[in-house]
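Got the viewer open and ready? Let's take a short walk through the model, one selection at a time.

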Amino acid sequence: MASPVLRGMLKQAKGVGHKRLISIHGVQHDAVRVFIRFLYSSCYEQEEMKELVLPLLVLSHAFVVPQLKRICEQQLENSLLTLDNVVDVFQLSLLCDAPRLVLLTHRMILRNIKAVSATEGWIAMKRSHPALEKEILESMIYEEQMEKERIRKLNERKIYLQLYEAMEALVHICRDGCRTIGPCDKDLKDDQKPCTYEACKGIELLVRHFAGCKLRVLGGCIHCKRMWQLLELHSRLCADSGSCRVPLCRNFKDKVKKEFKKDEMKRKILAKKILSTKRIGGEPFFLSSKSISSY
């Protein structure tokens, strides 16, 4: 009753006048003995499990004994999975429909590919299942690409976070003031509470340099270029340039609007030239007469 496969085989033997022999091939005799004992008692010896876990996994899958199959998977996951047997376990996991074990063994192979590729299990798999070896190597390349992409996105996010903190510190200095630097209408004191903005000290040094640098007009100072970039970036993010205390915020907004109008005019001129060139024997099918005249 513990195995629906064995139950079906025994039902077929009913009514037959002689004894029915059930043969189990492909595994050790000791593994079959431990398997049969588990069917009757749901018990096993740890030493026997350690030695026979792989054939027991195969038997539990073939004869549909989910309780024993879960035990074998847990034993492998917790303590019995090694670099020497990981390739064999990976192949058996695919055959025995054990997706969690497939994932764990696959990750272990990828993390230790140099050591695993020298084992007997890998060499045997290479001879008998070259397509599987190719899939593993291709997945390793894919994992490396994904890891590079993950690192790139983390670094990108770190840069965006630093820019955001710099924007916060810039607004904080220009609007509220911070200890020894701020707007002229603020009463600044050296004994104020420590600033909570992490980027404030760096922005303060940058602002002080920007105010006294003589190379910024010529565009030869890298620190001043950074300051110009911060001011322009702030103006693009600022929602209210009219009341903003950050220097040049409105100026950059107006500059962006003028550049947009200039680019829009260039696009209209280009469209007009294209239409006038192709307008032979009537107006284009994608524009009405009103839209053409508007150009």
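Start by selecting L163, A166, M167, L170 and V171 in helix α9, which meet M227, L230, L231, L233, H234 and L237 in α11. Contact here means heavy atoms within 4.5 Å, and helices (H or I, at least four residues) are DSSP runs numbered from the N terminus. Color this patch by residue type and you get ten nonpolar, one polar and no charged. In that count Ala, Val, Leu, Ile, Met, Phe, Trp, Tyr, Cys and Pro are nonpolar, Asp, Glu, Lys and Arg are charged, and the others, Gly among them, are polar.

A quick note on what you're looking at: this is a predicted model, where local features need pLDDT of at least 70 and side-chain atom pairs count only at pLDDT 80 or more, while totals for chains, interfaces and linings use all residues. Residues are numbered from 1 along each chain as its sequence is written, and side-chain values use heavy atoms, with hydrogens and water left out.

Now zoom out to the whole of α11, residues 222–237. It packs on α9 at an angle of about 85°, with the axes 10 Å apart. Axes are lines fitted to C-alpha atoms, for helices over the stretch in contact, and angles run from 0 to 180 degrees between N-to-C directions. That makes α9 and α11 roughly perpendicular, a label for angles of 65 to 115 degrees.

Next, show α10 (residues 200–212) against α9 (residues 130–175): their angle is about 65° and their axes are 9 Å apart. Select A166, A169, L170, H172 and I173 in α9 together with C200, I203 and E204 in α10 to see where they meet. This contact divides into six nonpolar, one polar and one charged.

Stay on α9 and pick E144. Is E144 buried or exposed? Neither: E144 is partly exposed at 44% relative accessible area, on a scale where buried is under 20%, exposed is over 50% and partly exposed lies in between (1.4 Å probe, protein chains only). Draw a line from its C-alpha to that of L110, 34 residues apart along the chain, and you should read 9.7 Å.

Last stop, the cysteines. How many disulfides does a search of the whole structure find? Zero, taking a disulfide as a pair of cysteine sulfur atoms within 2.5 Å. For C96, the nearest cysteine sulfur is that of C72, 9.3 Å away, and C96 is buried at 3%. C174 is buried too, at 13%, and its sulfur lies 7.5 Å from the closest one, in C244, too far for a bond.

How values were computed:
Helix = DSSP H or I, 4+ residues; strand = E, 2+ residues; numbered from the N terminus. Parallel < 35°, antiparallel > 145°, perpendicular 65-115°, else oblique.
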